[in-house]
Amino acid sequence: MSSPKKSFYLTTPIYYVNDAPHIGHAYTTVAGDVLTRWHRQKGESVWFLTGTDEHGQKVLNTANSNNVKPQDWCDRLVESAWKPTWQHLNIANDDFIRTTEPRHMERVQRFLSGLKDQGHIYSGKYEGPYCIGCEEFKLPGDLDEGKCKIHGRPVEMVSEENWFFRLSAFVPQLLQHYKDHPEACEPTSARNEVIAFLEGGVQDLSISRSTFDWGIPVPWDTKQVIYVWFDALLNYATAVGLGDAPGTEGGEKFAQTWPADVQLVGKDILRFHAVIWPAMLMAAGLPVPGKVFAHGWLLVGGEKMSKSKLTGIAPSDITDHFGVDAFRYYFLRAIPFGTDGSFSWEDMSARYTSELANDFGNLASRLIAMIEKYCDGVIPAVAHDEALSAALIATVATADSAISALDFQGGINSIMEFCKRVNGYVTEQAPWVLAKDPANKIALDKVLYNTAESIRALAVLLHPIMPATTQILWQSIGANETMGDISKQKVSDIAKWGQLPAGSKVIKGAVLFPRLEEKVL
Ligand code: MSP
């Protein structure tokens with residue numbers, strides 16, 4: 001029996017459940033959703049994981065200050081905030097891992113015991129600063145007048161007997177890895193930062209804590225719990241069966257998914273993912289992920305948006321006004337992935353109106369209105385416009401290579417350029433003028449077919465980004481009946497001209513991007 005082909009496996013960070021999600025968390029998760037939807041449309045088998053990071057001092061303190069048991073706090077937040085938010089944003093994750101689940105805790109313990117047996121773990125004393133916001137042991141360079149540079153809050157001094165992981169032993173192997181595989185850490189600025197960090201010397205890592213008990217017990221020393229990051233990083237592998245015997249369900253899943261192809265993270269947690277995590281895997285003799293991509297921060301007032309600084313914006317604050325698909329579109333369109341970007345209501349309103357409502361939505365509604373008026377609501381005979389078809393071929397190639405390389409902005413730009421071009425074609429051909437003389441019927445039908453066929457392609461190209469709106473559009477041009485489900489359309493087929501069958505019945509649907517109500521922003 002041949003083993004099934006390896007899946008394209010993508011992960012997002014697992015988010016702390018000390019609070020509800022804000023648009024920074026949604027930014028990463030939407031990016032992961034768009035990329036995995038794109039790969040699915042490339043016909044690949046895909047596995048998309050997200051989840052929640054539930055142990056550690058930060059979550060414990062929040063639960064305590066709300067007078068709730070930590071497990072109850074986590075259950076409540078996961079069920080009432082995290083999962084519903086991802087559902088609301090149309091995130092099609094295949095699995096959702098919680099670090100308090102037995103499947104995770106058991107595999108973490110087994111992994112750690114394995115590392116100990118192989119001599120990678122030893123006991124020692126940790127003394128130094130710790131930021132609860134980051135859940136991180138800090139180096140002097142990470143602090144500014146005794147405060148964490150990220151959270152701007154004083155760190156606490158820790159002095160404990162702990163278990164240590166021989167992280168420093170893996171520095172040469174890590175440096176070699178990034179030299180041999182520059183694509184393993186992107187963008188380049190992130191890779192350079194990681195290499196400089198590794199070259200600057202790395203200390204062994206304390207991987208247990210003894211002063212509180214909200215965590216996974218160290219299997220051979222149950223007075224200690226496993227350091228929350230050591231526990232959390234393992235989620236990417238425990239969720240797909242880490243350490244399970246070949247032939248078991250977990251073992252099969254692991255063979256099919258591991259190593260992860262793309263791990264999305266914000267740049268705040270790059271070092272954990274590009275230094276500690278691959279070293280843990282190397283220690284266990286496991287392959288390391290193909291790529292960790294560190295995207296930039298959403299800024300508010302020039303600073304990283306965060307709940308702890310009370311600058312967190314809930315996704316629903318934006319979707320209530322602009323809708324889910326505009327939310328999914330906006331951040332990937334407006335900010336180069338890998339660069340920080342400021343969120344502004346003005347910019348979002350401007351793009352919504354010019355790109356989504358005018359360029360895309362109006363094109364679709366004009367076409368449907370004209371097919372109804374001039375063709376009895378039926379797509380006319382298949383026609384072929386050489387220039388539009390050539391532009392579409394180039395668009396699909398550019399969009400595919402950009403999006404596959406996580407250049408979402410470049411990919412979306414090329415699609416929207418094609419949309420502009422189709423608008424230009426309609427204006428130039430002026431079907432409403434042709435319609436005045438029945439002698440032009442053939443020419444009119446050609447223009448309308450070419451426009452409809454372009455919209456067919458646009459719907460498929462934009463589907464991973466705006467799944468709900470493009471689905472409505474797909475139905476409006478009658479494609480659902482004749483071509484099947486939009487999500488089954490392959491990227492490699494998009495540029496094949498002439499697919500929308502003549503005779504498809506168009507249906508006037510809801511306006512795709514309604515005018516924004518005049519609202520004081
Ligand atoms: N629990 C850890 C991650 C463990 S992964 C093994 C954690 N959680 S978090 O809730 O703080 O989420 C951090 C991630 O959320 C960032 O890496 C990033 O993906 C996203 N973002 C949080 N705030 C953000 C912005 N202001 N801007 C962009 N992304 C942001 O760290």
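**Cavities, a pocket and helix packing**

The second largest cavity is lined by 13 residues, and those nearest its centre are Gly56, Phe212, Ile226, Tyr227 and Val228. It holds about 40 Å³ of space, and its lining splits into seven nonpolar, four polar and two charged residues. All of this comes from a predicted model. In that model, four cavities reach 30 Å³ or more.

The largest cavity comes in at about 70 Å³. Its walls are built from His177, Tyr178, Ala184, Gln263, His273, Trp277, Pro278, Val288, Pro289, Lys291 and Val292. Helix H5 (171–180), H10 and strand E15 (291–295) are the elements that put two or more residues into this lining. Of the contributors, H10 gives the most, with three residues. Sorted by class, the lining of the largest cavity has seven nonpolar residues, three polar ones and one charged one.

Then there is the open space. The largest pocket has a volume of about 830 Å³. Its lining runs to 41 residues, with Tyr16, His25, Lys58, Asp268 and Lys304 lying nearest the centre. Several elements each supply at least two residues to the lining of this pocket: strands E1 (8–16) and E14 (262–266), along with helices H1 (23–41), H7 (228–233), H8 (235–238) and H10 (270–283). Helix H10 thus turns up in the lining of the largest pocket and in that of the largest cavity. As for chemistry, the pocket lining divides into 19 nonpolar, 14 polar and eight charged residues.

On to helix packing. Two packed helices are described by the angle between their axes and the distance between the axes. Helix H17 (residues 441–462) and helix H18 (residues 467–476) have axes that come within 9 Å and cross at roughly 155 degrees. H17 and H18 are therefore roughly antiparallel to each other, and H17 passes H18 in a left-handed crossing. On the H17 side the contact involves Ile455, Arg456, Ala459, Val460 and Leu462, which meet Thr470, Leu473 and Trp474 of H18. Six of the residues in this contact are nonpolar, one is polar and one is charged.

A second pair is formed by helix H13 (residues 345–375) and helix H15 (residues 408–429), whose axes come within 10 Å and cross at roughly 45 degrees. That angle makes H13 oblique to H15, and here too the crossing is left-handed. From H13, the contact draws on Glu355, Asp359, Phe360, Leu363, Arg366 and Met370, while H15 brings Met416, Cys419, Lys420, Val422, Asn423 and Val426. By class, the contact of H13 with H15 has seven nonpolar residues, one polar and four charged.

A few spots in the backbone are also worth a look. The peptide bond from Glu186 to Pro187 is cis, with omega near -5 degrees; Pro187 sits in the loop between strand E9 (185–186) and helix H6 (188–199). Trp258 and Pro259 are likewise joined by a cis peptide bond, where omega is about 0 degrees, and Pro259 is found in the loop between helix H9 (249–257) and E14. Finally, Asn90 has a positive phi of about 65 degrees despite not being a glycine. The place of Asn90 is the loop between helix H3 (70–88) and strand E3 (95–98).

Key. Residues numbered from 1 in each chain as written. Predicted model: local features only at pLDDT ≥ 70, side-chain atom pairs only at ≥ 80, totals over all residues. Heavy atoms only, no water. Axes fitted to C-alpha atoms, helices over the stretch in contact; angles between N-to-C directions. Helix = DSSP H or I, 4+ residues; strand = E, 2+ residues; numbered from the N terminus. Parallel < 35°, antiparallel > 145°, perpendicular 65-115°, else oblique. Left-handed = near helix turned anticlockwise from the far one by under 90°. Contact = heavy atoms within 4.5 Å. Nonpolar A, V, L, I, M, F, W, Y, C, P; charged D, E, K, R; others polar. 1 Å grid on protein atoms, 1.4 Å probe; cavity = no way out; pocket = protein on both sides within 12 Å on 5 of 7 lines; lining within 4 Å. Points joined across faces, edges and corners; volume = space filled by probe spheres on them.
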